[in-house]
Amino acid sequence: IEIPPERCQKELNCIRSLLSPSIIECEKTISDWEDNRSFLQLQFVPGKTIKQLVEEKRYGNLTAFFSVSIQLLTALEEMHQEIPGSKEALIHNDLNPSNIILNEIIQNEVEPKIIDFGESGKIGIGPLCGTLKYVSQALIVGSELNYCYQGDLYSVALTLIEWLTGICPTNENSGTPDIDEIEKILKLWVD
């Protein structure tokens, strides 16, 4: 996939503005291949994405779930915080199981890393982007999206539910709540 240099620069700026241990680090600045394609050299994170773990039916246990949840919410808090004169608030806009890597650092100790800041931006109305299945329908305004903190929180909540249960409670094509999937999740907890 060819990525325009300006998108690489945007992603680099976003990553560099964040200091959370749960955010991927950029090892080197933008570089160009001989054919002028741009790329970022990001930190190597051993582990798998939540999507890969769900596909392998390796769901989170409650201890890891709570630990990862706290780490991700702490990272979002930092991303969403504006520091006047030095850092603007940032919205990820595409949190989903493919964009969170879980690295088992010590037995049963899991460290998440948020990746792919290509769709990130500021609070406001803009073109619809991200993975529809993880976009809050309440934030869609016509063909645009109201980018706000709540959208990131909604997306990470769906992602964590899917990791814990193996089931995403929204419809693949429309992103709307899927009652049948929600019932399956509830049955897992009752049984």
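Three exercises with worked solutions follow.

The model is predicted: local features need pLDDT of at least 70, side-chain atom pairs count only at pLDDT 80 or more, and totals for chains, interfaces and linings use all residues. Residues are numbered from 1 along each chain as its sequence is written, and side-chain values use heavy atoms, with hydrogens and water left out.

**Exercise 1.** Classify the ring pair Phe65 and Phe66.

Solution.
- Start with the rule: rings of Phe, Tyr and Trp (its six-membered ring) pair if their centres lie within 6.5 Å; planes under 30 degrees apart are stacked, over 60 edge-to-face, the rest tilted.
- The count by this rule is 1 aromatic pair.
- The ring centres of Phe65 and Phe66 are 5.5 Å apart and the planes stand at 70°, so the pair is edge-to-face.
- Next, burial: buried means under 20% relative accessible area, exposed over 50%, partly exposed in between (1.4 Å probe, protein chains only).
- Phe65 has 15% and is buried. Phe66 has 48% and is partly exposed.

**Exercise 2.** Place Leu42 and list what Leu42 touches.

Solution.
- Leu42 sits in strand 2, residues 38–42 (strands are DSSP runs of E, at least two residues; helices are runs of H or I, at least four; both are numbered from the N terminus).
- Its relative accessible area is 32%, hence partly exposed.
- Leaving out residues up to four places away in sequence, Leu42 touches Ile15, Ile24, Glu25, Cys26 and Glu27 (contact: heavy atoms within 4.5 Å).
- Val141 is 99 residues apart from Leu42 along the chain, and their C-alpha atoms are separated by 34 Å.

**Exercise 3.** Is Ser155 buried or exposed?

Solution.
- Ser155 belongs to helix 4, residues 149–165.
- Its relative accessibility is 7%, so Ser155 is buried.
- Beyond four places in sequence, Ser155 touches Leu95 and Tyr134.
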